[in-house]
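Subject: Structure handover and notes

Dear colleague,

I am passing on the structure we spoke about, with my notes on what came out of it set below the display. Please read them with the sequence and the model open side by side.

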Amino acid sequence: MPFIPPGTHLLKGAIDCHVHCAPHLSGRSVNVFDAVRQAAAAGMRAIGIMCNFQNSSGLAALANDELGHLGVEAFGGLIMQPTAGGVTLEAARTAIGYGYGPGTGARFVSLPTHHTYHVAKREGRGPAFLETTFRVPENGVVPDPVPAIMDLCAAKDVVFDCGHVAGREAVALAEEAKRRGVSRVRTHCTRYAEDEIRAIVGTGAYAEFSFFVLTHATQVGLTHVDEEKHKIAANSVIQEFSPRIRAAGDCAILSTDAGVYLLPPPVEAFREYLMLVESEGFSEAEIRRMIRDNPAALFRIGLAPEG
């Protein structure tokens, strides 16, 4: 009998909502069609395609049109980096409509990742670059045009993603999104303090925890938003990571953030990640909630968003 790696069964019906694939500026272990085929072979239900340079909803729509018979639902969205139009209402509106007809556009609209003050400062960017980045001021007032973008997400029932901001910024954004009637919010809580995570999920937002920062890929400088290569600090070990996951409670989501050539392809990366999480005492039921039930509810898997 062929060897079946431990944890393979957990991938049945799973959703990895954070996959990076080719085409891209950097080396990738899979292209969008590979990502769908490999997910289908593992029995997965869906994958979310993310890109720091362009709206990925068109790639997802193309993958669904060509490979929909495999039973894996691909979805994409916009990270509002400067290369993708920046933090503008027009860019968000365009992304939501960009696909193969009504309802096939962006499932999420995200604030910047590496073009936030928080991340750019960690990357050692200069003052001129920092001046152009997104941030929520210390007073917690969410700057324009973000409130209007939140209103659009609420009206179109798509996910508002807080991007890679500091923990206190994510709390302010999640609270503002709730006030504005946004029912679908994703935050990237990998590095946040436990009290910040509890405050975020207290608004009804989901807290995502990705595999990438636990891996050796953090040791190498990578191209994230421009020609410069920057390292992302590792997030120590799983034993220090798991309390954050527990702080998110029923609103936790696990994802890979894989696709970079230094890591195994996303499906294998997902299996390895789930084995690490299981080693920390998380039950199979808890893991399935974090990789199946929660991402399905957040991204309306099986139900196309409104056009």
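Four aromatic pairs are present in this structure, which, please bear in mind throughout, is a predicted model. In one of them, phenylalanine 108 and phenylalanine 299 have ring centres 6.4 Å apart and planes at 80 degrees, and the pair is therefore edge-to-face. Because phenylalanine 108 belongs to strand 5 (residues 108-110) and phenylalanine 299 to helix 11, this pair ties together parts that lie 191 residues apart in sequence. Both partners are buried: phenylalanine 108 has a relative accessibility of 0%, and phenylalanine 299 has a relative accessible area of 1%. Together with Phe75, these two residues, Phe108 and Phe299, make up one aromatic cluster.

Rings also take part in contacts with charged side chains. The charged end of arginine 125 is placed over the ring of phenylalanine 129, at 4.3 Å from the ring centre, and arginine 135 lies over the face of tyrosine 117, with 4.0 Å to the centre of that ring.

Tyrosine 117 comes up again in the surroundings of phenylalanine 134, a residue of the loop between helix 5 (127-131) and helix 6 (146-156). Is phenylalanine 134 buried or exposed? Its relative accessibility is 9%, and since buried means under 20%, phenylalanine 134 counts as buried. Leaving aside residues up to four places away in sequence, phenylalanine 134 touches Leu111, Pro112, His115, Thr116, Tyr117, Pro143, Val146 and Val165. Its C-alpha atom is separated by 9.3 Å from that of threonine 113, although the two positions lie 21 residues apart along the chain when counted from one to the other.

Val146, one of the contacts just listed, is also among the buried residues of helix 6, which are Val146, Pro147, Ile149, Met150, Leu152 and Cys153. These buried residues pack against helix 3 (89-97), strand 5, strand 6 (159-161) and helix 7 (167-179). After helix 6 comes aspartate 157, which has a positive phi, near 60 degrees.

Turning to the sheets, I begin with the one that contains strand 5. This open sheet is built from six strands in the order 4-5-6-7-8-11, with parallel pairing. Strand 4 (77-79) and strand 11 are its edge strands, each of which pairs on one side only, and neighbouring strands are turned against each other by 25 degrees on average, direction ignored. Strand 8 (residues 206-210) and strand 11 run parallel and are joined by four bridges; within this pairing, alanine 207 has alanine 252 of strand 11 as its bridge partner, while phenylalanine 209 has leucine 254. Helix 10 (residues 266-279) packs on this sheet, where it touches strand 8 and strand 11, and its direction makes about 135 degrees with that of strand 11.

What covers strand 11 (residues 252-255) on its two faces was worth checking, and the strand is covered on both: Ala252 and Leu254 on one side, and Ile253 and Ser255 on the other, are all buried. All four of these residues are also found among the contacts of phenylalanine 209, which include Ala252, Ile253, Leu254 and Ser255 as well as Cys189, Phe241 and Tyr273. Phe209 is, along with Ile47, one of the residues with the most contacts inside the largest nonpolar core, which has 99 residues.

The other sheet is open too, with three strands in the order 1-2-3 and parallel pairing. Strand 1 (15-19) and strand 3 (73-75) stand at its edges with a single partner strand each, so one side of each is left without a neighbour in the sheet. On average, and ignoring direction, neighbouring strands here are turned by 15 degrees against each other. Strand 2 (residues 46-49) runs parallel to strand 3 and is joined to it by three bridges, and glycine 48 stands opposite phenylalanine 75 of strand 3. Helix 2 (residues 57-67) lies across strand 2 and strand 3, at about 165 degrees to strand 3, whereas helix 11 (residues 284-299) packs on the sheet by touching strand 1 and strand 3, its direction making about 65 degrees with that of strand 1.

With best wishes

Key: Residues numbered from 1 in each chain as written. Predicted model: local features only at pLDDT ≥ 70, side-chain atom pairs only at ≥ 80, totals over all residues. Heavy atoms only, no water. Core = buried A, V, L, I, M, F, W, Y, C linked by side-chain atoms within 4.5 Å. Buried < 20%, exposed > 50% of the residue type's maximum accessible area, 1.4 Å probe, protein only. Contact = heavy atoms within 4.5 Å. Pairing = 2+ DSSP bridges. Axes fitted to C-alpha atoms, helices over the stretch in contact; angles between N-to-C directions. Phe/Tyr/Trp six-rings, centres within 6.5 Å; stacked < 30°, edge-to-face > 60°. Lys NZ or Arg CZ within 6 Å of the ring centre and 35° of its normal.
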